[in-house]
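Q: I would like to learn how to read a few local features of a protein model. Where should we start?

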There are 2 protein chains.
Amino acid sequence: MAHRVVIYGGSGNLGRSLITLFNKNNWEVTSIGTRPNEEAAHNIVVSNKEESLEVQGKKVIQNSNSILNGEKYDAILCVAGGFCMGDLAKEDFLETADLMIKKILNPSLIASKLSTVNLKEGGFLMLTGVADLQSTPGFIGYGIAKAAVHHLFNSIASKKGGLPKNTKVMAIQPATIDTPDNRKGMPDADFSQWIPLDLLTRRIFEYTNGTLSVPQGKMVKITTKNGETSFVEL
Amino acid sequence: MAHRVVIYGGSGNLGRSLITLFNKNNWEVTSIGTRPNEEAAHNIVVSNKEESLEVQGKKVIQNSNSILNGEKYDAILCVAGGFCMGDLAKEDFLETADLMIKKILNPSLIASKLSTVNLKEGGFLMLTGVADLQSTPGFIGYGIAKAAVHHLFNSIASKKGGLPKNTKVMAIQPATIDTPDNRKGMPDADFSQWIPLDLLTRRIFEYTNGTLSVPQGKMVKITTKNGETSFVEL
């Protein structure tokens, strides 16, 4: 029987890369995102702009129930995100902040909730934060959404967090990932300081399939310096 | 000429108390909230449930422009908030999280933005966080919203935060305040460990009118032990 995994954010760069790898290894993939992923066995498409958090949550859970037909997921991985500049003085500051909450925080909330409904006992939940989060005056919306995800993670990973019994839970905190979109957005950056996408994808797969043991309740900071990537449990 | 202050959250317990005190001292008060405050000279009423962050922001700025008629505010104080229990396993987890974002985070974002438009040079902006924020498994929505406010504050208070030149900015981080609503909600608590509402109101007034100098860019943690209240700059 195939293992079942949810990739929340399956149309993003990291999501697509993960779906390709899980597929190759015969996992049955459900992609959740604002666009369908052609490689996934199942797709749940939500509109994070037009649908409220609640409406999206209900849609995800209902569709998920139909797909599972009484079975459960082995793993739920939330890698949904996005990035926007936006300081306080910018005309569209509030719009940007709202968009970042919708792209970064809401998927993390829904993925966490989904795990209480459809993750098997002893299953794996992973959220995605960001490395070394300090004040972010130039991109406030992004910063507040990631700060909220960190708080969410610390709360659900604590003893009375409400996750199903024996859930394995962790978060990754990547610095900039070397993706096609990031290369397009920052063509003059030094790519040797970015996390190789393939390496990160493989690592997440290894946490998920048990090759690497999950650092229970911890965030793992991932950074790359001069082509060397390190994974530090926080 | 009267000094002008905005109390964002003017129909809450702390907001009402502040409006009474500022009124008594002949400040011209604009209350922003989901209900009007009868004592305020001006009211801007927003619906944090039905109106999006952007729509509320536009409404606040447009109404504010009409009220000011070319003048500026001396101070903008955001004391809007709320509290809801809500762990991950709860049926209405997403609804609660959404509500807390709307009640706690969105007013802080709008008040911050409003200050870039209508706060006078050298004016005063105050946000409201919460003391000793740790993981909050039993009330996740509240925790993520407050964590986001803390991040927002640290970002706008930093050098390139986008606030008008010479803005005085600080945040209070109160522990539980001794309000009528809190006494109703927790009738068996030891009230001598709660911050007296009048004391806190007076203190905020003193930061605003210059009697106390504003701890620039800092959060001030406010706690009460056995009836003694302390204010610690973080």
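Q: Is A:Leu197 buried or exposed?

A: Buried means under 20% relative accessible area, exposed over 50%, and partly exposed in between, with a 1.4 Å probe and protein chains only. A:Leu197 has a relative accessible area of 15%, so this residue is buried. This is a predicted model, in which local features need pLDDT of at least 70, side-chain atom pairs count only at pLDDT 80 or more, and totals for chains, interfaces and linings use all residues. Side-chain values use heavy atoms, without hydrogens and water, residues are numbered from 1 along each chain as its sequence is written, and chains are lettered from A and ligands numbered from 1 in the order in which they are written.

Q: Where is A:Leu197, and which residues is it in contact with, leaving aside neighbours within four places in sequence?

A: Helices (H or I, at least four residues) and strands (E, at least two) are DSSP runs, numbered from the N terminus. A:Leu197 belongs to helix H6 (residues 197-209) of chain A. Contact means heavy atoms within 4.5 Å. Beyond those sequence neighbours, the contacts of A:Leu197 include A:Asn13, A:Leu14, A:Ile177 and A:Asp178.

Q: What should I make of the sign of phi?

A: Most residues other than glycine have a negative phi. A:Asn26 is not a glycine, yet has a positive phi of about 65°. Its place is the loop between helix H1 (13-24) and strand S2 (28-33) of chain A, and A:Asn26 is exposed because its relative accessibility is 60%.
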